[in-house]
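Welcome, and please open your viewer. We will take a short walk through one model, selecting a few places as we go.

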Amino acid sequence: MEHYQDCPQVLREFLSYHETIKGQSPKTISEYYLDLRMFLRFMKLMKLEMPYDTPLDEISIKNVDLEFLRGITVTDVYDFLSYLANDRVADPDGRSSAAGIGTAARARKLSAIKSFFKYLTTRTRQLEENPVQDLEFPKIRKSLPRYLSLEESQRLLAAVQGPNAKRDLAILMIFLNCGVRRSELVGLNLTDVYEDRIRVVGKGNKERIVYMGSSCKQAIDDYLVERCKISLSDNRALFGSRENNRISVTAVHRLVKKYLLAAGLDASQLSAHKLRHTAATLMLSGGVDVKTLQEVLGHEHLNTTEIYTHIENTELKIAAEANPLSKIKLKP
């Protein structure tokens, strides 16, 4: 926590709680800090009646305490959200000077604020009232995740070749068959492979077991024969790099892009994460129920998984429209 400059004690304790008790990643903790720092700076700007042209980034929050937080109302939070939507420069360090940040970014900041006040009221009971308890999130237009069709997935697998073909095929098969995240794949160790299943360590260090299909198991078994002949700097790692280190997230990203291009697919619109979407969509279309899919993907909340049911509905509509009988004209 020492690298969080200008961090008041009450915020430091909140961040420590999410890091040590909730087990959230350093990236998530950093986002909480940055979002709440911006919020508290704005609160000081408004409530201490500083000149409105005072640069937000120059306001210190070091002395923010419970008494200050107790005075924050839901109206103050609405003012902050209005500032984000209408006045905040989306890219202060870039070439764009357009004011107002997007709905998703505002929702993320509100999520941090809600989590902060829930911690202060429900978790630690340092405050009596939660001003944002009933505040709704901005409406976000949900777009369906991109994914590969079954035929495109087969083309991708068929494109694998070269000196690392067995390794690369095993990686692609795990993505397409098991739906793991890229960070989960690079973290796999040899001891995580158990016959027909793998142990995956996901977000918040939560473990789950994911079963492999027979073709995925065959690809991994073929690769393991090769892997046992290789010595890596971290010899626990399942997948290694050309430099004999544990394979990196960046290397996996490049590997996937290379084979997408080789398969004639749009590498600008597809990625390793889209292979996870593909696995989820293919499982659902194959009859897997959404609750089971949630467990396979390691989603904490079911509504995160339910977006794939919308994809499935779209596929069903396309299938119906493809039927020649759907376009015949009936007599009145």
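How many residues lie between S2 and S3 in their hairpin, and which residue in the turn has a positive phi? Five residues separate the two strands, and Gly 204 in the turn has a positive phi of about 70°.

Before going further, note that this is a predicted model, in which local features need pLDDT of at least 70, side-chain atom pairs count only at pLDDT 80 or more, and totals for chains, interfaces and linings use all residues. Residues are numbered from 1 along each chain as its sequence is written, and side-chain values use heavy atoms, with hydrogens and water left out.

**The whole chain**

Show everything as a cartoon. The chain has 14 helices and three strands; these are DSSP runs numbered from the N terminus, helices being H or I with at least four residues and strands E with at least two. Of its 332 residues, 41% count as buried (under 20% relative accessible area with a 1.4 Å probe, protein chains only; exposed is over 50%, partly exposed in between).

**The sheet**

Now select residues 197–201, strand S2. S2 and S3 pair in the antiparallel sense over five bridges (two strands pair if DSSP finds at least two bridges between them). Among the bridge partners, Arg 197 is matched with Tyr 211, and Arg 199 with Ile 209.

Add the third strand and you have an open sheet in the order S1-S2-S3, with antiparallel pairing. S1 (193–194) and S3 (207–211) stand at the edges with a single partner strand each, so one side of each has no neighbour in the sheet.

Show the side chains of S3. Arg 208 and Val 210 point to one face and are buried, while Glu 207, Ile 209 and Tyr 211 point to the other and are not. In a regular strand, side chains alternate between the two faces of the sheet.

**Arg 227**

Next, select Arg 227 in helix H9 (residues 214–227). What is the nearest side chain of opposite charge to this buried residue? It is Asp 234, 7.1 Å away, and Arg 227 has no salt bridge (a side-chain nitrogen of Lys or Arg within 4 Å of a carboxyl oxygen of Asp or Glu). The side chain of Arg 227 instead reaches the backbone oxygen of Asn 235 at 3.1 Å and that of Leu 238 at 3.4 Å.

**Helix H12**

Finally, select residues 290–297, helix H12, whose buried residues are Leu 293, Gln 294, Val 296 and Leu 297. They cover an arc of only 165° around the axis, which puts them on the same side of H12 (the arc is that of the directions from the helix axis to the C-beta atoms). Just after H12 comes Gly 298, with a positive phi near 75°.

How values were computed:
Lys and Arg count as positive and Asp and Glu as negative; His and the chain ends are not counted. A polar contact is a pair of N or O atoms within 3.5 Å; within protein, one must be able to donate a hydrogen and the other to accept it, and residues adjacent in sequence count only if both atoms are side-chain atoms.
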